[in-house]
Amino acid sequence: MCATEVYGPGFLNPVEGSGLIRSWIFSTDHKRIGLLYLGCILAMFIVGVVLGLAIRLELIAPGETIMGPQTYNAVFTLHGVVMIFLVVIPSVPAAFGNIILPLHLGAEDVAFPRLNNFSWWLYIIGAAFAITALFSGDGPPDTGWTFYVPFSTQTTTNVGLAVTGVFILGFSSILTGLNFIVTIHRLRAPGMTFSRLPLFVWTLYSTAWIQVLATPILGITLLLIAAERVLGMGIFDPARGGDPILYQHLFWIYSHPAVYIMVLPAMGVVSEIIPVFARKNIFGYKTIAVSSLAIAFAGSLVWAHHMFTSGMSDTAVLIFSLLTFVVAIPSAVKVFNWVATLYKGAIRLDPPMTFAMCFIFLFSIGGLTGLVLGSAGTDVHVHDTYFVVGHFHYVIFGGTGFGLFGAMHFWLPKVFGRSYNMRRANISALLLLLGMNVLYMPMLVLGMEGMPRRYYDYLPQYTDMHFVSTIGSWITAVALALMFWNLWQGMRHGPKVGKNPWGGATLEWTLPSPPPHHNFPSVPAVDRGPYDFSGVKADDA
């Protein structure tokens, strides 16, 4: 009996009685919705990269290069809004969380499939509002992605439409998080206890709680901006009795936990990849699982380390600095356990593993530079300098970005049933690693030399580092183009793969590639942990 007769047709096959486009955009199949998210996120990522390249080209030399100061302000604002709200926050959880979570749990779908489709539509509507802000009103927003008051309440640019888009995107994030929490609690296969959950599921679970609990605060804050702009209420404007520091507190109460929405699922991807390519059970499973919950909890208590120079009391500075060092501990635990898993493993440097290794290196740089910013004594010297820009990109691009790329190289052969050129994939990963360091390491140096961030122009002594950084942006762009082209070619024309091309032990590798519409023909029974490789062999064809 062939696999199609047992499992049914693959989910990529046309659905009877429905047009091609309609069967995708109104689909309730979690795998199709995940691919819709992935396609939109990658499209927005390309937009963000182009804007970033424009910023770097402008800064290659002092003075005006390719744009004026007002255009520059708009470009770095849009780069931030697109990358943060349209790419990084939804990247791994919305795309691969949707595709893989039910497969990991042995479920047919998420708990609320129609709500899942509605979440994607909210993402599209929010993205449409944000992009429309570019071409309407009195010019694109120029406030920076943080929308700091009082500037965001007084500027005549089209901040209102961009804020509305981010507000709608927040609802998409909340509904996805709610869906994942219910799915994990209610739809686990028999025998799938919490101690047998794959670590990717643990990170999605931790992230989902942040999405549900923290994102409403962002929504409320954005509504208050709208109220001040439209109704003239004195919430943040000192001239009307408001407090601009209140806005910073409200914004960062959401936006620092949002950093962990961005990076926790990528950590889960790395926790899935390393055991498979080291052929070893993960070291310290329970510790890694608990560290995900600890990061979600402790990460919600450190928001004011963004505000050490805003006039807080010494007591508050001490407390928030201490908590910042505390939240670094569970992140360090993960890195230690990943490295311990590699010890005496039968390591294969296939592309997913290469991206995971790059993740560990770049995220570690990001984490260590974060301690410089978390210590109030050093933060006052580098606050709002290029040191912050370098740190943030090491964590988010080096962390979440490489986690997403690792997930693409790990799971897309399962999703499409085809592989890619391994050599080109490894070359693109190493070239991307080189480009990242040439691009962002000079920013750390510039920050320590005193170069403020978000400035359109700069003093001549900063020219050399800016020039090197711009060269790094070109290397990064070439690496990204090679990686995406290789994946595109592989998913369309690459060699077909079997159920388990990597030799993984979690449930998705028991299904055909691509998986069928309804996943499992019968509910699977789980009798061992997710990283027990006894009797598991790679199936290449």
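Among contacts between residues at least 6 apart in sequence, 82% join residues at least 24 apart in the chain. The model is predicted, and its chain contains 17 helices and 0 strands. The radius of gyration is 23 Å, close to the 24 Å given by the globule rule for 541 residues, so the chain is as compact as a globular protein of that length. Along the principal axes, the C-alpha trace spans about 75 × 50 × 45 Å. Of the 541 residues, 58% are buried. The area exposed by the chain is about 20,900 Å², of which carbon and sulfur atoms supply 68%.

The largest nonpolar core comprises 174 residues, and Phe 96 and Phe 405 are those with the most contacts inside it. Helix H10, residues 244–278, contributes the largest share of this core, with 21 residues. When neighbours within four places in sequence are left aside, the contacts of Phe 405 are with Phe 45, Phe 355, Phe 397, Leu 432, Leu 480, Met 483 and Phe 484.

Helix H11 covers residues 285–298. At 1.5 Å a residue, its 14 residues should span 20 Å, a value with which the 20 Å separation of its end C-alpha atoms agrees; the expected span is 20 Å because the rise is counted over one less than the number of residues. The buried residues of H11 are Tyr 285, Ile 288, Ala 289, Ser 291, Ser 292, Ile 295, Ala 296 and Ala 298. The cover over these buried residues includes helix H9 (199–231), H10 and helix H12 (314–342). H10 is thus named both as the source of the largest share of the core and as part of the cover of H11.

The loop between H11 and H12 contains Thr 309. The relative accessible area of Thr 309 is 43%, and this residue is classed as partly exposed because the value falls between the limits of 20% for buried and 50% for exposed. Apart from neighbours within four places in sequence, Thr 309 is in contact with Asp 379, Val 380 and His 383. With His 383 the contact includes a polar one between the two side chains, at 3.3 Å. The C-alpha atom of Thr 309 is separated by 8.7 Å from that of Ala 376, a residue 67 positions away along the chain.

Terms used: Residues are numbered from 1 along each chain as its sequence is written. This is a predicted model: local features need pLDDT of at least 70, side-chain atom pairs count only at pLDDT 80 or more; totals for chains, interfaces and linings use all residues. Side-chain values use heavy atoms; hydrogens and water are left out. A nonpolar core is a set of buried Ala, Val, Leu, Ile, Met, Phe, Trp, Tyr and Cys residues joined through side-chain atoms within 4.5 Å. Buried means under 20% relative accessible area, exposed over 50%, partly exposed in between (1.4 Å probe, protein chains only). Helices (H or I, at least four residues) and strands (E, at least two) are DSSP runs, numbered from the N terminus. Contact means heavy atoms within 4.5 Å. A polar contact is a pair of N or O atoms within 3.5 Å; within protein, one must be able to donate a hydrogen and the other to accept it, and residues adjacent in sequence count only if both atoms are side-chain atoms. The radius of gyration is taken over C-alpha atoms; the globule rule is 2.2 Å times the number of residues to the power 0.38. Accessible areas come from the Shrake-Rupley method with a 1.4 Å probe; for residues, only the protein chains shown count as cover.
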